[in-house]
Amino acid sequence: MTHSDPRVATLIGLYEALAPATLDDLAARYARTCRFKDPFNEVEGRAAVRRIFAHMFETVKAPRFVVTSVIAEGDQCFLGWDFHAGDFVIRGASHLRFDDAGLVADHRDYWDAAEELYEKLPVLGALMRLLKRRLKAT
């Protein structure tokens with residue numbers, strides 16, 4: 001996927017081609033004092049963001065992102081994405097805010113850990129599906 005805003009286009013290219021060898025390239029697009037938050041992490045600083053992505057490559061089989069949608073205006077953008085990891089896919093979105101230098105100052109990932117991850121685990125998944133059935137309004 002491409003975009004006319006060069007900040008957004010660069011990030012999409014980096015996310016979709018992300019590999020251990022390109023982590024420094026991605027980290028360079030983040031402000032030194034950036035903030036990052038997802039369902040499992042909340043960190044500050046470029047080095048901490050790089051560690052999150054490095055950890056992903058250490059713990060997940062064949063991870064890759066496919067950006068499926070983009071909304072960008074001013075100093076913000078929202079990327080919809082599919083995260084492929086082995087034989088499962090997590091669908092989510094990232095809200096990014098750029099600083100005056102065009103670097104990512106804030107990165108917030110949104111995805112449903114219960115539905116997208118926990119339900120796929122053998123024992124925990126059965127429990128999550130049971131809870132979901134019991135709490136569902138009929």
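**Exercise 1. Sort the residues lining the largest pocket by character.**

Start with the split: the lining divides into 13 nonpolar, three polar and two charged residues. Here Ala, Val, Leu, Ile, Met, Phe, Trp, Tyr, Cys and Pro count as nonpolar, Asp, Glu, Lys and Arg as charged, and the others, Gly among them, as polar. A word on the model: it's predicted, so local features need pLDDT of at least 70 and side-chain atom pairs pLDDT 80 or more, while totals for chains, interfaces and linings use all residues. Residues are numbered from 1 along each chain as its sequence is written, and side-chain values use heavy atoms, with hydrogens and water left out.

Next, the volume: this pocket holds about 450 Å³. On a 1 Å grid over the protein atoms alone, a pocket is an open set of points with protein on both sides within 12 Å along at least five of seven lines; a cavity is a set where a 1.4 Å probe fits but cannot get out; lining residues have an atom within 4 Å of a point. Points are joined across faces, edges and corners, and a volume is the space filled by probe spheres set on them.

Then look inside: of the 18 lining residues, Asp38, Phe40, Met56, Phe83 and Trp111 are the closest to the centre. Helix 3 gives the largest share of the lining, five residues. (Helices are DSSP runs of H or I, at least four residues, and strands runs of E, at least two, numbered from the N terminus.)

**Exercise 2. Work out which residues line the second largest pocket, and their character.**

First, its space is about 160 Å³. The lining includes Arg35, Lys37, Glu42, Glu44, Arg97, Asp106 and Arg108. Finally, sort the whole lining: three nonpolar, two polar and seven charged residues.

**Exercise 3. Find the cavity and describe its lining.**

There is one cavity of 30 Å³ or more. The largest cavity has about 80 Å³ of space, and its lining includes Tyr15, Phe53, Trp81 and Asp109. Strand 3, strand 4 and strand 6 each give two or more residues to that lining.

**Exercise 4. Trace the sheet and explain its edges.**

Write down the order: six strands run 2-1-6-5-4-3 in an open sheet with mixed pairing. Now check the ends: strand 2 (42–44) and strand 3 (64–73) each have a single partner strand, so one side of each lacks a neighbour in the sheet. Last, take one pair: strand 4 (residues 76–85) and strand 5 (residues 88–98) are antiparallel over ten bridges, where pairing needs at least two DSSP bridges.
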